[in-house]
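Here's a walk through a few spots worth a look on screen. Pull up the model and follow along.

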Amino acid sequence: MTARRPVIGITLDHEPGGEGRYSRFAWYALRENYMSAVTTAGGLPVALPLFPQLAADYVPHIDGLLITGGAFDIDPSLYGDTTQHETVSLRPRRTQTESAYLSAALAQNKPVLGICGGMQLMAVALGGTLIQHIPDSCPHALPHEQPNPRNEASHAALVTEGTLLARITGTSRMAVNSAHHQAVRTPGRMVVNAVAEDGIIEGVEDPSYRFCLGVQWHPEFGIDLSDRKIFNAFVQAAGETV
């Protein structure tokens, strides 16, 4: 008898319609490699629509939650900032919905993996704060919006010893891509599990849950050998009964 694949709910982006675009009407969007990474790791990917009122209905039917990245930012007011940098771009409906999915998943102690903006959302939800624009706040930082293609490495992530990420990857250093102008400033209840060589936080986790992990890079591209290990560990955790 074939083992049941753990069901992994994956959050979507929401794009406005327009002339000359995919559709003149609004549509959902998701890069294919999120789905293929989950499938390769043994999961059954399911797309989650952006209806915050349905989060409590969806979460009982999934075994794990993947919060994806996107070209937008978290509202600074959610982490106590009274000003907003000119580069900040908001998608309130998506943030509200992903927050609802995250809250419901953590309440049921279901594994959560946050990627890029998904990691930032997790940090804010668990009491952290963000750097609104790295070049202004950290002028000597590496170029975290890399000029080379996203399926290539940009810099190294130094993995913190003794963390869940270290146990998953079995390494102290990973080659990662970089596609963000914001970063976690303070992790709140979460623990920092990786930093870039310039000190920018690259990963966080909350050990009070059985699997609550966020990474700033995009492991779905599989650039480093450890990227697949992250998805394998996530899907494996989702398949374990509590």
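## A buried acid in a loop

Start with Asp224, which sits in the loop that runs between strand 13 (212-215) and helix 7 (225-239). Keep in mind that this is a predicted model. Asp224 is buried, yet no salt bridge goes with it. Its nearest side chain of opposite charge belongs to Lys229, and that is 7.2 Å away. A salt bridge would need the charged atoms within 4 Å, so Lys229 doesn't qualify as a partner.

So what does the side chain of Asp224 reach? It gets to the backbone nitrogen of Ala175, at 2.9 Å. Setting aside neighbours within four places in sequence, Asp224 is in contact with Met174 and Ala175.

## The nonpolar cores

Now for the greasy parts. The largest nonpolar core holds 30 residues, and Leu66, Trp217 and Ile230 have the most contacts inside it. Several elements supply at least two residues each, among them strand 1 (7-11), helix 1 (32-40), strand 6 (112-115) and strand 8 (155-159). Which element gives the largest share of this core? That's helix 7, with seven residues.

Trp217 is worth clicking on. Leaving out neighbours within four places in sequence, its contacts include Ile115, Ala157, Leu165, Met174, Val176 and Ile230. Polar residues also turn up in its contact list, including Asn177, Glu202 and Asp227. There's a second, separate core too, made of 28 residues, with Leu48, Val59, Leu65 and Met119 among them.

## Ile168 on helix 6

Ile168 lies in helix 6. Is Ile168 buried or exposed? Its relative accessible area is 16%, and buried means under 20%, so Ile168 counts as buried.

Not counting residues up to four places away in sequence, Ile168 touches Phe211, Leu213, Lys229, Ile230 and Ala233. Its C-alpha atom is separated by 8.0 Å from that of Ser226, although the two residues are 58 apart along the chain.

## Cysteines without partners

How many disulfides does a search of the whole structure find? Zero. Take Cys138: the nearest cysteine sulfur, that of Cys116, is 16 Å away. A disulfide calls for sulfurs within 2.5 Å, so Cys138 is in none. Cys138 is partly exposed, at 25% relative accessible area.

Cys212 isn't in a disulfide either, with the nearest cysteine sulfur, again that of Cys116, 17 Å away. Cys212 counts as buried, at 1% relative accessibility.

Note on methods
Residues are numbered from 1 along each chain as its sequence is written. This is a predicted model: local features need pLDDT of at least 70, side-chain atom pairs count only at pLDDT 80 or more; totals for chains, interfaces and linings use all residues. Side-chain values use heavy atoms; hydrogens and water are left out. Helices (H or I, at least four residues) and strands (E, at least two) are DSSP runs, numbered from the N terminus. Buried means under 20% relative accessible area, exposed over 50%, partly exposed in between (1.4 Å probe, protein chains only). Lys and Arg count as positive and Asp and Glu as negative; His and the chain ends are not counted. A polar contact is a pair of N or O atoms within 3.5 Å; within protein, one must be able to donate a hydrogen and the other to accept it, and residues adjacent in sequence count only if both atoms are side-chain atoms. Contact means heavy atoms within 4.5 Å. A nonpolar core is a set of buried Ala, Val, Leu, Ile, Met, Phe, Trp, Tyr and Cys residues joined through side-chain atoms within 4.5 Å.
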